[in-house]
Amino acid sequence: MKNKNRIGPWRRLIQWATTLLLLLLPWFEVDGKSLLRIDIPGLNLYLFGQILRIQELFLVLLATLVFVLGFLLVTVVLGRIWCGWLCPQTTLSDVAEWAARRLDLTVKHNRLHGGLAGKILLQGVYLFLAFLVASNLLWYFIPPRLFYTRLVALDLHYATWITFVLTWLLVYLDLAVVRRLMCSDFCPYGRIQTSLVDRATLSLHLPDAEMERCIECGSCIRTCPMEIDIRQGYQVECTNCGRCLDACRGVMAKRNEPGLIRYTFGLHGEGAMGLLNPRVLLPAAALLALLVILGIGLLDRPVASLKVAVSHTAAARQFANGQIGTFFNAWVNNRSQEAEVYTLQARNKDSGTPLVLKGQIKAELAAGENRRLDFVLLTPGNEMTVEFVLTDGEGLELSVAEAYIGK
Ligand code: SF4
Ligand code: SF4
């Protein structure tokens, strides 16, 4: 009887979808802006059409916190599902092992067995995969086309060269030497996962009641990439990939019997309801609260920002009419998706009296643009706190910044 209930094809589909997403994400753009990229020189984060500046780092930190907490919660509920079904390292190892099999090589106890020619060719595959991963990492900092143009012209920044070559070397060593030991021994996420397991976490196991049906064929062990025997009970090395489940189902299908190994919430039949405990519910509530705060923060972002500081390069001076001219620099950031004309105005904070500004006080900024404007504030010479107001083309106040003027 053919085993039609294999979960392997679903796992591969999800694995490849995740890997392709990570590979292709930096190639997509919205209105000429990367979908996801960190622009280090400009201190911007391009995030799905939004441009977050360094001043809005709290939103990035909040998003990171949401990501980490979400990741931990998924681990408590679904165990190492990330490792077996989503992690690019697993996909990379799978591709490397597939290539090894095509070259008549086998990997056993983390060692490569087979002919010398195949082993040499496999190093070429490792180098290619490592090159792809190192490039992919840098695409999140430099637009991919620009990266390759500069790579070919040997025109990358030295820090980029170091990052690129080091990543290439480390990924090559990972594929050639470390292999699946990364998942069992080195990956920090794999290590902390042990402390996250809940009594109802999803895991693969063979119930004691089913043990007598086991025919000791060893298929589940042979197919396991982590080389463990799931019949011995839960082991931290298990990545929840489900290959043993498919193997056992295949063997038992020939005997017209259901497979012995299964996914269950909890090793003692706790079921998914067992997850309704404070260890799961409290982080879930915290995650929900963070998501709401992040959502409000993103929706409530001002469409423009203004920062003002007294110029360090030009000293204040007194004019013939007795007025004091103080030189200022302003940094205006258009956070909207469209070009906008901005005007700077000033007023005495206490009295509300308008003050005179001369210089660059009107400018058109492209969507996402950040520009420095230099101008002079003219005051009668008394001390005051000045409010600088940024208005849009319709005179709407968008942002206010303050500065103190002394004698
Ligand atoms: S025991 Fe099964 S689920 Fe766990 S890693 Fe091995 S094959 Fe995958
Ligand atoms: S594949 Fe199934 S029947 Fe074969 S050894 Fe493993 S648990 Fe037993």
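**Note on the predicted model: a three-stranded sheet, two ligand shells and the overall form**

1. In this predicted model, strand β3 and strand β4, the latter made of residues 44-47, are paired in the antiparallel sense through 4 bridges. Within the pairing, isoleucine 38 is found opposite leucine 45 of β4.

2. The pair belongs to an open sheet of 3 strands, arranged in the order β3-β4-β5 with antiparallel pairing. Its edge strands are β3, residues 36-39, and β5, residues 50-53, each of which has a pairing on one side only. From one strand to the next, the twist averages 15°.

3. Ligand 1 has 14 residues around it, and those that come nearest are Cys224, Cys238, Cys241, Arg243 and Cys244. Sorted by class, the shell of ligand 1 holds 8 nonpolar residues, 5 polar residues and 1 charged residue. When reading these classes, the reader should note that Cys counts as nonpolar and Arg as charged.

4. Ligand 2 is likewise surrounded by 14 residues; here Cys214, Cys217, Ser219, Cys220 and Cys248 come nearest. The class division of the ligand 2 shell is 10 nonpolar, 2 polar and 2 charged residues.

5. Which helices each supply at least two residues of the shell around ligand 2? They are α10, which covers residues 219-223, and α11, which covers residues 243-253. Helix α11 provides the largest share of this shell, namely 3 residues.

6. Turning to the whole protein chain, the model contains 12 helices and 18 strands. The radius of gyration of the chain is 30 Å, whereas the globule rule gives 22 Å for 407 residues; the value is well over that of the rule, so the chain is more spread out than a compact globule.

7. The extent of the C-alpha trace may be set beside that result: along its principal axes, the trace of the protein chain spans about 100 × 55 × 30 Å.

8. What percentage of the 407 residues of the protein chain count as buried? The figure is 22%, where a buried residue has 20 or more other C-beta atoms within 10 Å of its own.

9. A final point concerns contacts along the sequence. Taking the contacts in the protein chain between residues at least 6 apart in sequence, 64% join residues that are at least 24 apart.

Key:
Residues are numbered from 1 along each chain as its sequence is written. Chains are lettered from A and ligands numbered from 1 in the order in which they are written. This is a predicted model: local features need pLDDT of at least 70, side-chain atom pairs count only at pLDDT 80 or more; totals for chains, interfaces and linings use all residues. Two strands pair if DSSP finds at least two bridges between them. Axes are lines fitted to C-alpha atoms, for helices over the stretch in contact, and angles run from 0 to 180 degrees between N-to-C directions. A residue is near a molecule or strand if its C-beta atom, placed from the backbone, lies within 6 Å of it. The radius of gyration is taken over C-alpha atoms; the globule rule is 2.2 Å times the number of residues to the power 0.38. A residue is buried if 20 or more other C-beta atoms lie within 10 Å of its own, exposed if 12 or fewer, and partly exposed in between; C-beta atoms are placed from the backbone. Two residues are in contact if their C-beta atoms, placed from the backbone, lie within 7 Å.
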